[in-house]
Structures are given as C-alpha cells and as structure tokens.
Amino acid sequence: MSDFTLTIDGKAVAAADSFGVINPSTGAVFTQAPECTKAQLDAAMESADLAYRSWRLDEAKRRQALRDVAEVLRQKAPELGQILCQEQGKPLEKAIGEFFGASVWFDYTASLELPVEVVQDDDEGRVEVHRRPLGVVGAITPWNFPIILAVWKIAPALLAGNTVVIKPSPYTPLSTLALGEALRDTLPPGVLNVVSGGDELGKWITSHPTVRKISFTGSTATGKHVAASAAPDLKRMTLELGGNDAAILLPDVDPETVADDLFWGAFENTGQVCSAIKRVFVHEDRYAATLEALASRARNVKMGDGFAEGVELGPLNNKMQFDRVTELVSAAIDGGARVMTGGAPREGEGYFFEPTILGDVAEGVRIVDEEQFGPALPILSYREVDEAVDRANATMYGLSGSVWSSDAQRAAEVARHLECGTAWVNQHLKMLPNAPFGGAKWSGIGVENGHWGLYGFTETQTLNINKG
Ligand code: NAD
C-alpha cells in the first residue's frame with residue numbers, strides 16, 4: 001500500500017496495488033505509489049464528465065478558483081517541494097521553485113480572457129464567435145518537470161471550462177498526487193482528478209471514450225502513439241515532444257561573456273529539459289576558447305543529492321535515462337570525440353553522470369543527431385553562418401533554438417531562419433506564461449501558454465443571429 005492516494009471525485013482513493021518510486025540520488029525505492037485500476041480510471045472519467053456540466057457554466061467562479069489554487073500552492077510550496085526533490089532528484093530550492101512557478105502560472109492564467117468576437121453587427125444580423133470548452137481533458141506528463149508541465153495543462157484547461165484527469169510519469173508520480181491532495185478542498189469534486197500508474201494507464205486515457213482532448217508532454221516516440229490512439233475518435237490533442245535544440249554562436253561572440261548562460265541553457269535540471277541546448281555551433285576561430293570556457297563551468301558545478309546544501313545539479317532521474325546518456329557519450333568517445341571534462345558516470349550510488357563537454361564531434365555521431373536529455377553537450381565547429389543554420393535545421397526536431405552575438409539585431413535576423421517553435425537571442429530556456437511554447441516538426445503539435453495555449457482547450461462556436 002502507498003501513503004499517497006489518487007484523487008477521484010474530490011476524494012482520497014487508495015489502490016489495491018502499488019509500484020515502487022526510486023530516489024535517483026540513491027537508486028533505491030523509497031516509497032510506493034498507487035497503481036490505478038481500469039475501474040478507478042472509469043470512475044475518474046465519470047466524475048470529470050459530471051463535474052463538467054456545472055463547471056463550464058460560471059467563468060467568474062472558475063477564475064476565482066484558479067486564484068485560490070495559486071494561493072494554496074504558494075502556501076504549500078516548501079512542503080510539496082520536498083516530495084518533488086526526493087522523487088525527481090533536482091535541488092530542493094528548484095523543486096520548491098517549481099511549485100512557486102506553478103502558482104505564478106495559475107495567477108497569470110486566471111487573468112486571461114475568453115473574448116467573444118463580433119464579426120458582424122448590422123440590420124441584417126449579428127455574428128459572434130464564442131470559445132466553448134471541450135469537455136474532459138486527459139493530461140499526461142513526463143518526469144523532468146512534473147509540476148510546472150502539469151500546470152501548463154491544468155490551469156488553462158480549467159479556466160476554459162473543461163475538467164481534467166491527469167496522469168504523471170511513473171518515475172515521478174508523488175508530487176502530482178500531492179498536488180491533487182492539496183487542491184481537494186479548493187476545487188469542486190471531479191474538476192481535477194489525479195491518477196497514477198504505468199504507461200498502460202496512459203494508453204487507457206488516450207483511448208478513453210470520455211476524453212475529448214489529450215494534452216500530452218513526453219517523448220516524440222510516445223507522442224506518435226498518442227496521436228494514433230486519438231485518431232479513431234478524432235480527439236483534439238496538443239503534443240509537446242522532444243527537441244534537439246541548437247545554439248549558434250556568431251563569429252563575434254566572446255566565449256567568456258556567454259559561457260555561464262550557455263552552460264545553464266544546456267545543463268539546467270541536469271540537461272533534462274525538452275528545450276535545453278543540445279548542440280552548440282561555434283565559429284572555428286573561437287572553437288578552442290569556447291570549449292575551454294564551457295569545460296571550466298562544467299568542472300566547477302556542484303552535483304549531488306538535491307537535499308544537500310549548495311547542490312546545483314542533481315542526478316539523472318532514472319536508470320533508463322542514465323543508461324542512455326552513458327551509451328551516447330561512450331559512442332561519441334569511441335567515434336573520436338575529445339572529452340574536455342566528464343565523460344562517464346560518477347562512482348557510487350545513484351544516477352549521477354559527470355557534467356560532460358565533448359569537442360571534435362559532428363553530425364553522424366548519435367549524441368549530435370539524437371536527443372541526449374542529460375548533462376553531456378557536444379560542441380560543433382562551423383565556418384559560415386548559413387552553413388550553421390542549415391546544420392541546426394537538419395533534424396526532424398524543431399522545439400527551440402538560440403543565436404548569440406554582441407549584435408542582438410543581427411542575431412535576431414539569423415534566429416528567424418531557425419525551424420523551431422521558439423527562437424531565443426542571447427539567452428536560452430526563458431519560459432514565459434504569456435508567450436506560446438510549442439514545437440515545429442516532430443517536436444509537437446499545438447502550443448501551451450498565453451492565450452494561444454488557452455485557446456487550445458476550446459473550440460470556436462459561431463453564433464449567427466438573423467435580425468431580419
Ligand atoms: P515518455 O514519452 O516516455 O513518457 C511521457 C508520459 O507518457 C509518461 O507519463 C508515460 O507514462 C506516458 N506514456 C508512455 N507511453 C504511453 C502511451 N503509449 N500512451 C499514453 N501515455 C504513455 O517521456 P519521458 O521519458 O517521461 O519524458 C522525456 C521526454 O519528454 C523527452 O523527449 C523530452 O524532450 C520530452 N519533453 C517535452 C517537453 C515539451 O514541452 N516539448 C517538455 C518536457 C519533456
């Protein structure tokens with residue numbers, strides 16, 4: 001049995017079976033999470049469907065509920081952050097910050113409007129365009145930012161008048177279960193249901209007849225399965241998927257000036273960020289100096305258990321990801337990559353991989369061509385800026401990218417040629433509640449955040465009134 005419970009119809013629901021949750025800093029199971037059954041999922045769907053009938057009617061009430069949720073999260077962030085730290089591995093301060101960020105997102109979303117647009121109003125008639133909610137939203141999240149990515153779905157879905165059944169990753173179920181528990185008295189029963197289980201539970205959600213919209217964040221491979229599962233029922237979907245972001249340093253960039261920002265653009269959350277820098281393109285004249293500047297940051301960063309004082313980077317979250325990063329780095333080294341620092345797992349317990357900077361790598365090496373999702377960064381050399389842009393775009397991913405220069409205007413012109421959902425200039429990973437975030441190509445369908453994200457949880461309805 002687990003100390004944690006599912007939230008179904010506003011109540012705590014225990015499950016007969018459970019699965020182990022691992023602390024990635026030790027590699028050992030530290031507690032159990034409830035394994036939701038098919039019947040319990042059906043109950044969550046039924047409750048969400050019933051709650052939808054009244055939840056959709058009162059926008060002012062929903063707006064206030066979102067503000068109340070923001071307040072609860074602000075109050076409970078220090079306590080809930082502990083749970084996230086333990087199951088995800090990230091530094092405690094970042095884990096608590098994720099809950100504070102969630103409260104900011106709820107507050108901001110509460111301020112968004114769902115305007116009625118009038119496209120005609122004359123003697124003949126009045127034509128209004130409304131935005132209607134969709135119904136029950138099935139939300140599925142990954143293990144890197146379990147809370148903020150959940151909130152990017154829950155807040156706009158609820159404001160638009162939908163109800164939600166959410167399933168976190170089996171690697172990090174506890175913080176989302178705790179979120180559901182924390183909000184039981186704040187949201188009406190059935191408006192937010194939280195269930196946990198394995199990938200099979202995700203499949204049950206995406207194929208469930210009650211679900212009208214799937215909001216999924218995870219890998220591209222799973223995203224394709226989700227799309228296929230949604231198709232027979234024509235469920236609406238938003239897919240936020242993987243990335244292989246490039247950062248292009250124009251020839252004028254002084255490596256020392258940008259090294260800190262570049263490093264954190266790649267290594268934040270131990271590199272487990274969908275839109276982290278995953279390839280760096282550096283002009284050949286600055287190549288050696290950039291390698292050295294990044295390697296010195298990687299050598300000096302403090303990696304360790306998220307609860308330890310002063311830790312900046314935690315472990316990888318799970319064994320699968322740890323093995324994958326180990327394999328990609330080994331393959332690069334076997335292929336002739338120069339290891340500036342790191343290059344191997346850290347001795348001892350847990351899923352720690354030394355922060356790694358790789359030089360003398362190019363396309364054709366897996367860590368360049370694939371998404372590494374870990375603390376290992378390949379640095380590539382280029383001769384012409386156009387060539388760097390073409391190489392940055394030569395991938396099926398298109399999540400985000402960045403261009404760096406002392407001339408921000410020039411960098412912005414180059415950035416506009418990147419085939420991706422977000423193009424940054426002289427920064428990377430700057431996420432905003434009011435700007436859309438989503439991927440081009442295999443990095444996704446649809447966007448989250450801002451009014452664009454909110455509209456993704458609605459359908460337009462044209463109301464055409466004949467005045468004649
Ligand atoms: P994953 O695709 O393995 O799992 C994501 C979620 O989907 C989990 O909850 C999992 O249980 C569930 N799932 C697995 N198979 C399923 C199926 N067939 N049907 C329905 N649900 C299923 O991804 P992950 O390893 O947890 O996360 C890492 C990936 O997520 C990376 O590729 C990363 O780039 C991506 N990601 C993208 C964004 C974004 O906003 N674009 C943000 C964070 C992470």
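A residue counts as buried under 20% relative accessible area, as exposed over 50%, and as partly exposed in between (1.4 Å probe, protein chains only). This is a predicted model, in which local features need pLDDT of at least 70, side-chain atom pairs count only at pLDDT 80 or more, and totals for chains, interfaces and linings use all residues. Residues are numbered from 1 along each chain as its sequence is written, and side-chain values use heavy atoms, with hydrogens and water left out.

**Exercise 1.** Decide whether Ser196 is buried or exposed, and find what its side chain reaches.

*Solution.* Start with the accessibility: Ser196 has a relative value of 0%, so Ser196 is buried. Next, look at its side chain, which comes to 2.5 Å from the backbone oxygen of Pro34. That is a polar contact (a pair of N or O atoms within 3.5 Å; within protein, one must be able to donate a hydrogen and the other to accept it, and residues adjacent in sequence count only if both atoms are side-chain atoms).

**Exercise 2.** Work out which residues make polar contacts with the ligand through the atoms listed below, and how much of the ligand the protein buries.

*Solution.* Take the backbone first: an N or O atom of Gly218 is 3.2 Å from a ligand oxygen, and one of Leu241 is 2.7 Å from a ligand nitrogen. Then turn to the side chain of Glu371, where an N or O atom lies 2.6 Å from a ligand oxygen. Finally, the area: the ligand alone exposes 850 Å², and the protein buries 92% of that (Shrake-Rupley method, 1.4 Å probe).
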